[in-house]
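Work through these short exercises with the model open. Each task is followed by a stepwise solution.

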Amino acid sequence: MPALSTAQARHVITRYSKINNEANTDRNRRVLDTVEDGPLYAMSVSDYTETEGLLAADRKPYKPWSYDSPGAKLYIPRMGAGQDRWFAAALSDQKGKAPSRLAVFAERPQHKRWEMVSVVDLDTPKLPDIALDHDGYATAIAADGNKHLAADANRLRTAILDNFATGGTNTGTKVFAPTKASKRQIEVHDKTGTRYGAQGTTVFAGTANRYKDAYALKTTDGGALILFSHTHTQTDAVAQSGLQINPGKDDRAWLHDVPRTSITYTFVCNDAATVPAKAEPSRLIGYTCARTDASGPPVPSWTDRA
């Protein structure tokens, strides 16, 4: 059976927009928790935390918005008995405009409601060709351990972490064909890793990932569109004693304007990639990250004063 009807899916999107606005108006985490879950909820809460760390003068007024539910491109899979229900939607926040985001909504049976668990900013409005049956429904396939695909979610995740950590040297450029998204990750490694020159270092690394759920839809070429998440860290450190890193205003919620000798930032990210059925490179079509934590030792002089 389909995960839900088209009309029901559009209602889910409309409800999400309405309640998301209610939550964002006063950064109400309890209300937000009724429409978001998983990595997306963690990313949204981190935005709240960052805003609350800013001075009142630096906070931007909230502007209500909504997704164009009637114009959403829906990918509703048929589900087997016992399978968790979910669907994907290509969304625009402007009526009549091409989709700019790709989202996953999953049913949470314990709460008897649908929640958005992932959303990715797309680099191009051209969407993957999802295989649809005669009724317009998609086919969900295994995202992990699927031997009929050139790569599964776990391998894609490893390749993305390599893009950040090494610039794609080990697996990133082997698993992924060059796209705007994959090039941007490599550029983050190349530019951020050298910005301090001889005065400091920046190192990216993978870290414990709480959000291991992945979602895959069959494409017309026999491959798949896979939506998944990853978590990585960025550690900035001074090269010698006597130097310090001064946190910026966006770091205030976590670092409280205290100079540090090193800072480790944690990022939770949502990713989307198309994967072929044969042994060819995959394509990263978008990713979205949010800083969810920052920590590091204060400079000795500050510790002494404290």
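**Exercise 1: A hairpin and its turn**

Task: in the hairpin of S4 and S5, find the phi of Lys112 and the number of residues between the strands.

Solution.
- Step 1. The model is predicted, so local features need pLDDT of at least 70.
- Step 2. The hairpin of S4 and S5 has 4 residues between its strands.
- Step 3. Within this hairpin, Lys112 takes a positive phi near 55 degrees.
- Step 4. The pairing of S4 with strand S5 (residues 113-121) is antiparallel and runs over 8 bridges.

**Exercise 2: Strand S4 between its partners**

Task: follow the bridges from Ala88 into S4, then from Val104 into S5. Is S4 largely enclosed or open?

Solution.
- Step 1. Strand S3 (residues 86-91) pairs with S4 in the antiparallel sense, over 6 bridges.
- Step 2. Ala88 has Val104 of S4 as its bridge partner.
- Step 3. Val104 in turn has Ser118 of S5 as its bridge partner.
- Step 4. Buried means under 20% relative accessible area. In S4 (residues 101-108), 7 of the 8 residues are buried, so the strand is largely enclosed by the rest of the structure.

**Exercise 3: Nonpolar cores**

Task: identify the residues of the largest nonpolar core that touch the most other members. Then list the contacts of Phe87 beyond four places in sequence.

Solution.
- Step 1. The largest nonpolar core holds 48 residues.
- Step 2. Touching the most other members are Ile13, Trp86, Phe87, Leu91, Leu102, Phe105 and Met116.
- Step 3. Take Phe87, leaving aside neighbours within four places in sequence. Its contacts include Leu4, Ala9, Val12 and Ile13. They also include Leu74, Tyr75, Ile76 and Pro77. Ala103, Val104, Phe105 and Trp114 are in contact with Phe87 too.
- Step 4. Another core, of 20 residues, lies apart from the largest one; Ala153, Leu156, Val175 and Ala224 are among its members.

**Exercise 4: Two pockets**

Task: describe the volume and lining of the largest pocket, then do the same for the second largest pocket.

Solution.
- Step 1. The largest pocket has a volume of about 1000 Å³. Its lining has 31 residues, with Asn24, Asp47, Tyr48, Tyr62 and Trp65 nearest the centre.
- Step 2. Helix H1 (6-25), helix H3 (38-53), S5 and strand S11 (283-295) each give two or more residues to this lining. H3 supplies the largest share, 6 residues.
- Step 3. By class, the lining of the largest pocket has 14 nonpolar, 7 polar and 10 charged residues.
- Step 4. The second largest pocket holds about 460 Å³ of space. It is lined by 20 residues, and Lys126, Pro128, Thr274, Arg283 and Ile285 are the closest to its centre.
- Step 5. In the second largest pocket, S11 gives the largest share of the lining, 3 residues. The lining divides into 8 nonpolar, 6 polar and 6 charged residues.

**Exercise 5: Asp121 and two positive phi values**

Task: place Asp121 in its element, then state the phi of Arg27 and of Asp257.

Solution.
- Step 1. Asp121 is in strand S5. Its relative accessible area is 31%, so Asp121 is partly exposed.
- Step 2. Ser100 is 21 residues away from Asp121 in sequence, yet their C-alpha atoms are 6.1 Å apart.
- Step 3. Beyond four places in sequence, Asp121 touches Ser100, Arg101, Ile285, Gly286, Tyr287 and Thr288.
- Step 4. Arg27 is in the loop between H1 and helix H2 (29-32). Its phi is positive, about 50 degrees, although Arg27 is not a glycine.
- Step 5. Asp257 is in the loop between helix H7 (252-255) and S10. Its phi is near 65 degrees.

Note on methods: Residues are numbered from 1 along each chain as its sequence is written. This is a predicted model: local features need pLDDT of at least 70, side-chain atom pairs count only at pLDDT 80 or more; totals for chains, interfaces and linings use all residues. Side-chain values use heavy atoms; hydrogens and water are left out. Buried means under 20% relative accessible area, exposed over 50%, partly exposed in between (1.4 Å probe, protein chains only). Two strands pair if DSSP finds at least two bridges between them. A nonpolar core is a set of buried Ala, Val, Leu, Ile, Met, Phe, Trp, Tyr and Cys residues joined through side-chain atoms within 4.5 Å. Contact means heavy atoms within 4.5 Å. On a 1 Å grid over the protein atoms alone, a cavity is a set of points where a 1.4 Å probe fits but cannot get out, and a pocket is an open set with protein on both sides within 12 Å along at least five of seven lines; lining residues have an atom within 4 Å of a point. Grid points are joined across faces, edges and corners, and a volume is the space filled by probe spheres set on the points. Ala, Val, Leu, Ile, Met, Phe, Trp, Tyr, Cys and Pro count as nonpolar, Asp, Glu, Lys and Arg as charged, and the others, Gly among them, as polar.
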